[in-house]
Amino acid sequence: MEFKMNVGEALVDAVMGYAVVFLGIALLVLVVVLTGRIMSAKKSTPAPAAAENKPAPVPLTRPEPEAPGTAGDLKLYDTPDRDAAMIMAIVANELKMPLNELRFISIREVHKK
Amino acid sequence: MNILETLKGLWMESGFMGFFSGDGWKSLVMIAVACVLLYLGIKKKFEPLLLVGIAFGCLLTNLPGAGLYHMELWDEFLNEASPYYHSYGHILKEGGLIDILYIGVKSGLYPSLIFIGVGAMTDFGPLIANPKSFFLGAAAQFGVFFAFFGAVLLGFPGAAAAAIGIIGGADGPTAILTCTLLAPALLGPIAIAAYSYMALIPMIQPPIMRALTTEKERAVKMEQLREVSKTEKIVFPIVVAGFVILLLPSTAPLIGCLMFGNLLRETGVTERLSDVAQNALMNIVTLFLGVSVGATTVAGRFLTLDTLKIVALGLIAFCFSTVGGLLVGKLMYKLSGGKINPLIGAAGVSAVPMAARVAQVEGQKANPSNFLLMHAMGPNVAGVIGSAIAAGFLIKVFGA
């Protein structure tokens, strides 16, 4: 379509186009959120009556044995578990050593001064 | 048999002679441009997978007498008054090797196939975990419409302006598909501008990010994203494809293929197909796409003032897309009480995953313990969907 547009038309098309993108995305967000809610609601629905008749689980009286190669507790300061796991994996990878041959004593978040 | 006459005849018919007749010098200039592009692709690693192919296509098409690509055949193909209007048969009969490969671009086949591969390589998990980041993908389409408006001001017709604007979507296949449908004559410069600027994202974005955000905003650490279940990941492509295509049917080739590729990835029962889409299919199509797009840079059409305007508008489009994403990122920072780092807004320009990496690097400069990558991947993949919607709108409004 080889027609020249005037500036006013172009401005209207540009604003409308941007608005359509936002509107489309907003509706999509709504759909995605609703789908997520429906699915999480299904997941949290209690299992059928069979579960009610099930005997209560026996509490663990004995602490679980430590994994082989465990070298004591790791202290985390302002560091979530997932970040800590990632840091340890990166360090092991960089040092090219198996993770169970390394001992991490603590991981602390560095706060910028 | 006169040896001298034979040698003279060979010389006169050689491609070298072509450089000295008519506009032959323009071919020499284009060969130099091809060499610069090859240098950028090979030495500087600017999107090498596509730029090397585009540059070599540019080289081949500008060698006089090679006859691999015939612009005049495609002019007839597009001319409604020609007996060969929309005749692929004529192209197959008369065309050279690259004319035949170019059919895949013209028909919109290559960009769509590449989108299957892109979908198969994309993890939409961060986007599903934080659907708000969809808005950043939408905001970063600002450059598309800004550049469209700028192109109209510079005298481009509406359809051409739309094709130029989509460079701001920072999505190569989307730009190629839109341009093929709206302004095929501008395909060469638009594709080169789009891929070159995508490679330059680490240079284009950081100064804008630093100018529009404060140190405090850049240092914001975002909360861990929630786990996304496998079922959610399987349902996502089905829901998005159905919804977006119903809303804007002209997005069907891009969104349909993107989500189909993603479904192959997430089902867990189509690993072989997912693997082919991510690797073999993607590589083969990239190979054909690069060479055939590069071949459209015929000297007589490329060396014009319009090309310079497109290159300038492409840069403006990228910059303003980044600005749009950052401004909405700042708005979300305010609304969330400082929980959202506005830098992730800049990743809303697609360019997956380069733009997300830039957000990560800039965030970490402000706060060494900052890990924004996964948070930036949400807007980044939302940008792919956003640019497909923007392209769908422009195709709908300006398509024949």
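Domain bounds here come from an automatic or database domain assignment, and the structure shown in every view is a predicted model.

**View 1. The two assigned domains of chain A.** In chain A, the assignment places domain 1 at residues 1–46 and domain 2 at residues 75–108. Taken over C-alpha atoms, the centres of domain 1 of chain A and domain 2 of chain A are separated by 42 Å.

**View 2. Helix 19 of chain B and its kink.** Helix 19 of chain B, which runs over residues 271–294 and has 24 residues, reaches 33 Å from its first C-alpha to its last, close to the 34 Å expected at 1.5 Å a residue. The helix nevertheless contains a kink of about 40 degrees, and this kink is centred on B:A277.

**View 3. The buried residues of helix 19 of chain B and what covers them.** B:A277, on which the kink is centred, is itself one of the buried residues of helix 19, and these also include B:S274, B:Q278, B:M282, B:V285 and B:F288, as well as the run from B:L289 through B:G290, B:V291, B:S292 and B:V293 to B:G294. Among the elements of chain B that cover these buried residues are helix 4 (48–61), helix 7 (97–106), helix 8 (109–121), helix 13 (172–182), helix 14 (187–199) and helix 18 (252–267).

**View 4. The contact between chain B and chain A.** Chain B brings 38 residues to the contact, and chain A brings 31 residues. On the side of chain B that touches chain A, two or more residues each come from helix 10 (133–139), helix 11 (142–153), helix 12 (158–165), helix 17 (230–247) and helix 23 (373–398), with helix 17 of chain B giving the most, namely eight residues. By residue class, this side of chain B divides into 29 nonpolar, eight polar and one charged.

Conventions
Residues numbered from 1 in each chain as written. Chains lettered and ligands numbered in written order. Predicted model: local features only at pLDDT ≥ 70, side-chain atom pairs only at ≥ 80, totals over all residues. Helix = DSSP H or I, 4+ residues; strand = E, 2+ residues; numbered from the N terminus. Expected span 1.5 Å × (residues − 1). Bend = angle between axes of the 7 residues up to and from the residue. Buried ≥ 20, exposed ≤ 12 C-beta atoms within 10 Å, placed from the backbone. Contact = placed C-beta atoms within 7 Å. Nonpolar A, V, L, I, M, F, W, Y, C, P; charged D, E, K, R; others polar.
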